[in-house]
Structures are given as structure tokens and as C-alpha cells.
Amino acid sequence: MIDLALLPVYLTTVVALLLIPGPDMLLIASSSLSYGRKVGVYASFGNATSGLILTLLAAMGVSALVAMNPIALEVLRVLGGAYLLKMGWDCMRSSAADAPEIEQQNNLAKLLYRRAVFSNLLNPKALIFFVLFLPQFVSTQLTASSGEQMLVLGLLLNVMGLLFNLLLVALVGSLGKPLLKNEKFRTYQNKFMGLIFFALAIWLLASQVQSLS
């Protein structure tokens, strides 16, 4: 279901896109640095889950309909920004006593998984990305429908993205391991994540979403 003539170009483009720093990379890297590899791995899977959902929506044509509606995109942008602000506020108001212990990582990992899922789903630029990017590699030379091709292309993109993010977690997690043993850092680690969420919210709310209409 993939045109082999287009596959090298597609893979090269995906790698280039993955290497460009973005909000997803920032969230996953900061989670790994602040709370350890396990939390970063869960955040990576949360990002992959949202990518899978967006792939399915793109394959069904739902995302294209939403992306062509400026009001829907603005609503998504505001909801996404508000959600990120709330997460930032929750982290900032945490006290030093709320700094997670290592044994609390299971609950923290699940929390970051959910946050990664919703922050990406509420990012209208992610939705537009799937609408604009995947169709460029749909071939008329194949018998498979455009929806089927977009599904396979999106799955390949998500697998590559997950592998890249897991590699990022391994690298950043190694660098952040000494920090997790530092009492002073542990006192402020929730505040650090709060700043990250505030930065993501500002990035989303200040950005202009261009519709396809």
C-alpha cells in the first residue's frame, strides 16, 4: 500500500521532520530529564497514541473536514492552550513535599501518558500536519484507496516517531539520572515541568493556525 518509488523520499522527509525540535520533543525530553526514563517512555507512548488517533482520522477524512473549519481549529487551539496552562498551574502550585519519589513513578508515568495524548490531540497544528503531509505521498499508481495508503503512511510515521522518541528518552534519561538524586533539583522538578507546560501553552496560543480553506 506504499508506492516504492515514493518510499525513499517519504522516509527521508520523516527523518528530517523528526529532527526538527518541536513541542512534543520538548515535553518528552523534559519529562525524561525531570522524572526519569520510565516517565519519558510513557510520554513517548502517549504521543504515539495521539499520532495513531490522528492517523485514523486522516485516513477516514475526518481530520480534513475539521482542518477546513477555521472555527473548529480556533476552538482546538484555545482548548489546547487552556489545558496546557492548567497542567502548568497544577505543577507550579505543588509544594516541595509533592516531589515524586522513585516508587511513585508508576502513577506519574500514567499521568504523563495522558497529558502527552491530550496535549497533542488538542494541538490543531498536529491535525493539519496529517492533512497536509500524508496526502503528498498518496500514489495514483496503486489500487489501494487514498485512505488505505494514508493509514499505512501514518502508521509508518508513528513507528519511526516512537523509535526516535525512545532513543531521545534513553539519551536524556542518562543525562538526567544524577539530577534525580539531587535533593535541590527534586524540590523544584515540578516547578520545572510547570514552566515547560506554560511555554507549550504560550507557543500554542500565540501561534496562528492556517486553515486549508
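**View 1. Tyr 188 in helix H9: is this residue buried or exposed?**
Tyr 188 is exposed, with a relative accessible area of 51% (buried means under 20% relative accessible area, exposed over 50%, and partly exposed in between, with a 1.4 Å probe and protein chains only). The model in these views is predicted: local features need pLDDT of at least 70, side-chain atom pairs count only at pLDDT 80 or more, and totals for chains, interfaces and linings use all residues. Residues are numbered from 1 along each chain as its sequence is written, and side-chain values use heavy atoms, leaving out hydrogens and water. Look for Tyr 188 in helix H9. Its C-alpha atom is 9.1 Å from that of Met 92, although the two residues are 96 apart in sequence.

**View 2. The whole protein has nine helices and zero strands.**
Follow the sequence along and you will read the pattern α-α-α-α-α-α-α-α-α. Helices (H or I, at least four residues) and strands (E, at least two) are DSSP runs, numbered from the N terminus. Of the 213 residues in the protein, 44% are buried. Now think about contacts (heavy atoms within 4.5 Å): among those with a separation of 6 or more, 88% join residues 24 or more positions apart.

**View 3. Five stretches carry the UniProt annotation "transmembrane region".**
In this unreviewed entry, the annotation covers residues 6-27, 39-60, 117-138, 150-172 and 192-210. UniProt positions are given in the numbering used here, feature names are shortened, and annotations may be inferred rather than shown by experiment. Two of these stretches make a nice pair to study. Residues 6-27 are 82% helix and 0% strand, and their end C-alpha atoms lie 31 Å apart. Residues 150-172 are 100% helix and 0% strand, with 32 Å between the end C-alpha atoms.

**View 4. Helix H2 (residues 23-35) packs against helix H3 (residues 37-60), and their axes come within 7 Å.**
Two packed helices are described by the angle between their axes and the distance between the axes. Here the axes cross at roughly 160° (axes are lines fitted to C-alpha atoms, for helices over the stretch in contact, and angles run from 0 to 180 degrees between N-to-C directions). That angle makes H2 roughly antiparallel to H3. Angles under 35 degrees count as roughly parallel, over 145 as roughly antiparallel, 65 to 115 as roughly perpendicular and the rest as oblique. H2 passes H3 in a right-handed crossing (left-handed if the near helix is turned anticlockwise from the far one by less than a right angle, right-handed if clockwise). From H2, Asp 24, Ile 28, Ser 31, Ser 32 and Tyr 35 meet Arg 37, Val 39, Gly 40, Ala 43, Ser 44 and Asn 47 of H3. Sort the residues of this contact and you get four nonpolar, five polar and two charged (Ala, Val, Leu, Ile, Met, Phe, Trp, Tyr, Cys and Pro count as nonpolar, Asp, Glu, Lys and Arg as charged, and the others, Gly among them, as polar).

**View 5. One residue of H2 and one of H3: Ser 30 is buried, whereas Met 60 is exposed.**
Ser 30 sits in helix H2, and its relative accessibility is 4%. Leaving aside neighbours within four places in sequence, Ser 30 touches Phe 192, Met 193 and Ile 196. Met 60 belongs to helix H3 and has a relative accessible area of 61%. The C-alpha atom of Met 60 is 9.5 Å from that of Ser 146, a residue 86 places away along the chain.

**View 6. Helix H5 (residues 70-92) meets helix H7 (residues 124-133), with axes that come within 8 Å.**
These axes cross at roughly 135°, so H5 and H7 are oblique to each other. Leu 73, Leu 76 and Arg 77 in H5 meet Pro 124, Leu 127 and Ile 128 in H7. The contact of H5 with H7 holds five nonpolar residues, no polar ones and one charged.

**View 7. Ser 94, in the loop between H5 and helix H6 (105-121), is in contact with Asn 190 and Lys 191.**
Those partners leave aside neighbours of Ser 94 within four places in sequence. Ser 94 is buried, with a relative accessible area of 16%. Between Ser 94 and Asn 190, 96 residues apart along the chain, the C-alpha separation is 6.8 Å. Lys 191 lies in helix H9 (residues 183-206) and is partly exposed, at 23% relative accessible area. Lys 191 and Asp 90 are 101 residues apart along the chain, yet their C-alpha atoms are separated by 9.3 Å.
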